[in-house]
Structures are given as structure tokens and as C-alpha cells.
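User: I would like to understand the words used for this model, and to see how each one is justified. Could we go through them step by step?

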Amino acid sequence: MHVVIMGCGRVGSTLARDLEDRNHTVSVIDNNADAFRRLGPSFNGEKVVGYGFDQEVLEKAGIRRADAFAAVSSGDNSNIIAARVARESFGIQQVVARIYDPGRAEVYQRLGITTVATVKWTADQVLRRLLPAGAEPDFRDPSGTIRVDHIGAPEAWIGHKMIDFQIQSGARVAWIDRLGEGILPTRDTYLQEGDRLHLVMREETASAAYDVLRNGPEEH
């Protein structure tokens, strides 16, 4: 892929290096040339001085051959304008805008522009770690029907098959974090101590699924 990034702060520079490490080509736009120092001497991508909502600047950054565009500067207005230019003027489908105001982020999300609301994301991450398991999901789909939860292995299910849990709870185990590695469960996967489960379930059945988690398997 070729990715154009607007903003060379901590997020933009980290994103650019991570993309290069994955063998993608990257162009970084910033109106302050000194910001490019964050990229380090090993960065091989293009550095374009200017504003990411300027079409000529985007052209210099290779927007016409780009597969994705990320607007991660420190300004909400600049990010959303640049994201809309990339999407509407150049037809880039993979567009992400960093938005500090979560209220505005939700509005632009409905317009089809993927947004990352920094403050809301951080608060949500802290909230999920403060509240009991299941109190707040990791993710809800836009309709509010499906949720994804991340929980530690329930003691009552250790040594039992995950397929039995799925049948009894109606939830699905999307994957398991085990000893630093993600694994996809099969019919013969047993839950081990220290596992972390990523559960997918309907919102309306979440309470019942957590009851099954706490109570353990039914005896056949």
C-alpha cells in the first residue's frame, strides 16, 4: 500500500514508521518542516511541507496512487477537512481522521469517515479496566446489537471445552490470548489458566452469557 499521513506529531511519526516496518510506502505532510525530525534518519518515505487539505500538497504526496489517508494533526478542523478532500476529491476509501471532540467524531462517523476520538478512546480504555468484567464492552457495532468483550479466564471454566461454553451461553469465542499469542479456538480447545477471551455476543443475551461464565458448565 501507499499511505499518505497528514501530521508528523507523535501519532503521525509513529504510524509512518510502523507502516514502513510493514513494507508499505509512506508520504508524510506537515506544515512545519522541523516536525519531520521525529521520523528519524531511517525513514525512507516522502516528506512534504504544507497543509493536508491543500490539493496541490496532496498531489505532491502521491495521493493519486494512495490506498489510504490518515489525518492525525493536532487540529480537529484540519483533520476533518483533509479527510473529506481525500475521500471526496480523490476517491480514497480508506480514510481515518483523528478527532479530539467525541461528539463531533460521531457526526463524521455517520458521514462515512472513520474517526478516532483520542480523549474518548483513552477514557474508555481506563473505564473498562476499572469496571467489573462485562460492565462495559470493548466494542459495540453501530446498531448496538453486537458487542465484543475481553475478559480473563473464568475459574469455573478452566479445563473445560470452549465449544461447550459457546453452546451453553450463545456467545462466540472469537480468539484467545494465551502466553502472548492469539489462538483461534477449535472444537477441541480447552480453557487454560491465564487465558484471555475475546467474546462476541448479542447485547440482549450478554447478561445470560455472563451468568454461564460465572456458574460454570452444566453437567451433561
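**Reading the cores and a helix**

Analyst: Let us begin with the largest nonpolar core, which has 24 residues, and in which Val4, Ile29, Leu58, Ile63, Phe69, Ile92 and Val95 touch the most other members. Two or more residues of this core come from each of strand 1 (2-6), helix 2 (55-60), strand 4 (68-71), helix 3 (76-89), strand 5 (94-99) and helix 4 (102-110). Helix 3 gives the most, with 5 residues. Please keep in mind that this is a predicted model.

User: What makes this set of residues a nonpolar core?

Analyst: The name is used because the members are buried residues of kinds such as Val, Leu, Ile and Phe, joined through side-chain atoms within 4.5 Å. Ile63 can serve as an example of a member's surroundings, since, leaving aside neighbours within four places in sequence, Ile63 is in contact with Val4, Leu58, Phe69, Ala86, Phe90 and Ile92.

User: Which residues does the second, separate core include?

Analyst: That second core has 16 residues, among them Ile176, Met201, Val212 and Leu213.

User: Why is Gln166 called buried?

Analyst: The relative accessible area of Gln166 is 14%, and the word buried applies under 20%, so Gln166 is buried. This residue is found in helix 6 (residues 162-169), and, not counting residues up to four places away in sequence, Gln166 touches Ala171, Arg172 and Val173.

User: How do you know that the buried residues of helix 6 line one face of the helix?

Analyst: The buried residues in question are Met162, Ile163, Phe165, Gln166 and Ser169. Seen down the axis of helix 6, they fall within an arc of 160°, and therefore they line one face. As a general background, an α-helix has 3.6 residues a turn, so residues three or four places apart point the same way.

User: What covers the buried residues of helix 6, and what follows this helix?

Analyst: The cover includes strand 9 (172-178), strand 11 (196-202) and helix 7 (206-215). After helix 6 comes Gly170, whose phi is positive, near 80°.

User: How many helices and strands are there in the chain, and what share of the residues is buried?

Analyst: The chain has 7 helices and 11 strands, and buried residues make up 39% of its 220 residues. Among contacts between residues at least 6 apart in sequence, 52% join residues at least 24 apart. The accessible surface of the chain comes to about 12700 Å², of which 50% belongs to carbon and sulfur atoms.

How values were computed. Residues are numbered from 1 along each chain as its sequence is written. This is a predicted model: local features need pLDDT of at least 70, side-chain atom pairs count only at pLDDT 80 or more; totals for chains, interfaces and linings use all residues. Side-chain values use heavy atoms; hydrogens and water are left out. Helices (H or I, at least four residues) and strands (E, at least two) are DSSP runs, numbered from the N terminus. Buried means under 20% relative accessible area, exposed over 50%, partly exposed in between (1.4 Å probe, protein chains only). Contact means heavy atoms within 4.5 Å. The arc is that of the directions from the helix axis to the C-beta atoms. Accessible areas come from the Shrake-Rupley method with a 1.4 Å probe; for residues, only the protein chains shown count as cover.
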